[in-house]
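Here is a short report on one protein model. It goes from the whole chain to the cores and then to single residues.

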Amino acid sequence: QTNVPGDLDDVVAIAGGDYHSLALRHDGTLKAWGYNGDGQINTPTNALRFVAIASGASHNLAVTENGTTVAWGRNDYGQLNIPSIAMSNVLTVAAGDAHSLALLESGTVAAWGDNTFGQTSVPPGLAGVTAIAAGRLDSLALRTNGTVVGWGFNAYGQTTPPANLTNAIA
């Protein structure tokens, strides 16, 4: 995963999984390298350009220019089983160990895959979301009001933002 291919030029985004890496080129094509035991570097081709990417432990997600989600790699917890709500109108994606998130145009979050620690149990009423992130077993959302909401595994306080965290922008 550290042997970066020599043919990577014009890369606009990069994502790293457990033992693989994924790049999005300016022309909307994908390139992956590293361990491929679960098909995680077998990048899909698409008539539409890809505009966003994310890598989980052994799976990847991508968003096409028309807002559809594509997933590939390991699917032991359903992390590739995109729910109908995340099939269109997707702005960006995030991937945890074995769970997946999508930020929808509506400012809401769709989640699927492993929910052992509540990492796909999006808090009821969560709206006004502008960015998402997925940890190994947890999930985060940045809201338009500058606050951060977290859910999932919280043994180390990773889903409990500091009380004085306001006006966050990224």
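## Contacts and overall build

Of the contacts in the protein with a separation of 6 or more, 37% join residues 24 or more positions apart. The model is a predicted one. The protein holds 12 strands and 0 helices. Its pattern along the sequence is therefore written with strands throughout, β-β-β-β-β-β-β-β-β-β-β-β.

How does the radius of gyration agree with that of a compact globule? For 170 residues such a globule would come near 15 Å, and the protein has 16 Å, which agrees. The C-alpha trace spans about 45 × 30 × 30 Å along its principal axes.

Of the 170 residues, 41% are buried. The exposed surface comes to about 8,200 Å², and carbon and sulfur atoms supply 51% of that area. The protein carries 6 positive and 12 negative charges. The mean positions of these two sets are 1 Å apart.

## Two nonpolar cores

The largest nonpolar core has 13 residues. Those with the most contacts inside it are Leu61, Ala86, Val90, Val93, Ala102, Ala110 and Trp112. Which strands each supply at least two residues of this core? They are strand 4 (50–55), strand 5 (59–64), strand 7 (90–95), strand 8 (99–104) and strand 9 (109–113). Strand 7 gives the largest share, with 3 residues.

Ala110 shows who meets whom here. Leaving aside neighbours within four places in sequence, Ala110 is in contact with Ile85, Ala86, Ser100, Leu101, Ala102 and Leu104. Another core, of 10 residues, lies apart from the largest one. Leu22, Phe50, Ala62 and Trp72 are among its residues.

## Four residues and their burial

The table sets out four residues by relative accessible area.

| Residue | Relative accessible area | Class |
|---|---|---|
| Thr64 | 1% | buried |
| Ala98 | 5% | buried |
| Thr159 | 8% | buried |
| Ile41 | 21% | partly exposed |

Thr64 lies in strand 5. At 1% relative accessible area, Thr64 falls under the 20% limit and so counts as buried. Outside its neighbours within four places in sequence, Thr64 is in contact with Asn46, Leu48, Arg49, Phe50, Val51 and Val70. Ala52 is 12 residues away from Thr64 in sequence, and their C-alpha atoms are 7.3 Å apart.

Ala98 sits in the loop between strand 7 and strand 8. Is Ala98 buried or exposed? With a relative accessibility of 5%, Ala98 is buried. Not counting residues up to four places away in sequence, Ala98 touches His59, Tyr77, Gln79, Gly113 and Asp114. Ala98 and Ala170 are 72 residues apart in sequence, with 24 Å from C-alpha to C-alpha.

Thr159 belongs to the segment after strand 12 (148–152). Thr159 is buried, at 8%. What does Thr159 touch, not counting residues up to four places away in sequence? The list is Asp138, Leu140, Gly150, Trp151, Gly152, Phe153 and Asn154.

Ile41 is in the loop between strand 3 (30–34) and strand 4. Its relative accessible area is 21%. Buried means under 20%, so Ile41 counts as partly exposed. Leaving aside neighbours within four places in sequence, Ile41 is in contact with His20, Ala32, Trp33, Gly34, Tyr35 and Asn36. Trp72 is 31 residues from Ile41 along the chain, and their C-alpha atoms are separated by 8.6 Å.

## Positive phi outside glycine

Which residues other than glycine have a positive phi? Asp10 is one of them, with phi near 65 degrees. Asp10 lies in the segment before strand 1 (11–16). At 52% relative accessibility, Asp10 counts as exposed.

Asn89 also has a positive phi, of about 60 degrees, although it is not a glycine. Asn89 is found in the loop between strand 6 (69–73) and strand 7. Its relative accessibility is 41%, so Asn89 counts as partly exposed.

Note on methods
Residues numbered from 1 in each chain as written. Predicted model: local features only at pLDDT ≥ 70, side-chain atom pairs only at ≥ 80, totals over all residues. Heavy atoms only, no water. Core = buried A, V, L, I, M, F, W, Y, C linked by side-chain atoms within 4.5 Å. Buried < 20%, exposed > 50% of the residue type's maximum accessible area, 1.4 Å probe, protein only. Helix = DSSP H or I, 4+ residues; strand = E, 2+ residues; numbered from the N terminus. Contact = heavy atoms within 4.5 Å. Rg over C-alpha atoms; globule rule 2.2 N^0.38 Å. Areas by Shrake-Rupley, 256 points an atom, 1.4 Å probe, with all protein chains shown as cover. Lys, Arg positive; Asp, Glu negative; His and termini not counted. Charge placed at Lys NZ, Arg CZ, Asp CG, Glu CD.
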